[in-house]
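Reader: Could you walk me through this one? I'd like to go through the strands, the helix and the surface in turn.
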Amino acid sequence: MCTAAHTHDVEVRVRVWDTEPETGSGPWDKQDEADFESATGDVAIWSTVHGRLPDLISLGAPGRWRVRVSCSGRAEAKRVSEQEGVAYGVEKYVVDFWLQR
C-alpha cells in the first residue's frame, strides 16, 4: 500500500497479536492483507526518503506471519499536500501482525 500524498509525514501504529485480530469497523479508507515471512522475528522499516530506519519492530518469533495494513486520511493528506504543502499526521496507518498457525 502506498501513501496518498507526495509531501507529508504519516502516523504509523504497529500491533503484534497472538491470533488474527478483528478487522474492526474503524474509519479506514483502505485495508490490505498479505503473507509475511520473518527469518529473524524482526521487521525493518524503510522510507523512500530516509532509507532503512535504525529501529526494528520485534514480532517476538521468526516464522510465517500475516500482516494487515489499514489507513485513513488519504484524501485529506493528498489535498493538503497539493494545495497547502506538507500534511503532518493527517494520513494514519495501523499495521497488525499475527503468527499463522
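Author: What follows goes through the strand pairing, an aromatic pair, a helix and a surface patch, and please keep in mind that the model is predicted.

Reader: Let's start with the strands, then: how many bridges join β2 to β5, and how do the two run?
Author: Strand β2, residues 30-38, is joined by nine bridges to strand β5, residues 63-72, and the two run antiparallel. To give one position within that pairing, E37 has R64 in β5 as its bridge partner.

Reader: And which way does β5 run against β6?
Author: That pairing is antiparallel too, with eight bridges between β5 and strand β6, the latter spanning residues 87-99. Here S72 stands opposite K92 in β6.

Reader: Switching to side chains, how many aromatic pairs does the structure hold?
Author: There is one aromatic pair in the structure. It is formed by F36 and F97, whose ring centres lie 5.8 Å apart and whose planes meet at 65 degrees; because an angle over 60 degrees counts as edge-to-face, that is how this pair is classed. The two residues come from distant parts of the chain, F36 from strand β2 and F97 from strand β6, with their positions 61 residues apart in numbering.

Reader: Is F97 buried or exposed, and what about F36?
Author: F97 has a relative accessibility of 5%, so it counts as buried, whereas F36, at 27%, counts as partly exposed. The cut-off for buried is under 20% relative accessible area, which is why F36 falls outside that class.

Reader: Now the helix: which residues of α1 are buried?
Author: In helix α1, residues 74-83, the buried residues are R74, A77, V80 and S81. Looking down the helix axis, these buried residues fall within an arc of 135 degrees, and they therefore line one face of α1.

Reader: What sits on the face turned away from that?
Author: The face of α1 turned away from the buried side carries the exposed residues A75, E82 and Q83.

Reader: What does the backbone do just after α1?
Author: Just after α1 comes G85, which takes a positive phi of about 125 degrees.

Reader: Last topic, the surface: which residues form the nonpolar patch?
Author: The nonpolar patch on the surface is formed by V10, V12, V14 and V16, which together have about 260 Å² of accessible area. Of these, V10 lies in strand β1, residues 8-17, and with a relative accessibility of 33% V10 counts as partly exposed.

Key: Residues numbered from 1 in each chain as written. Predicted model: local features only at pLDDT ≥ 70, side-chain atom pairs only at ≥ 80, totals over all residues. Heavy atoms only, no water. Patch = residues over 30% accessible without salt bridge, like charges linked within 9 Å, V, L, I, M, F, W, Y side chains within 5 Å. Areas by Shrake-Rupley, 256 points an atom, 1.4 Å probe, with all protein chains shown as cover. Salt bridge = Lys/Arg side-chain N within 4 Å of Asp/Glu carboxyl O. Helix = DSSP H or I, 4+ residues; strand = E, 2+ residues; numbered from the N terminus. Buried < 20%, exposed > 50% of the residue type's maximum accessible area, 1.4 Å probe, protein only. Pairing = 2+ DSSP bridges. Phe/Tyr/Trp six-rings, centres within 6.5 Å; stacked < 30°, edge-to-face > 60°. Arc of directions from axis to C-beta.
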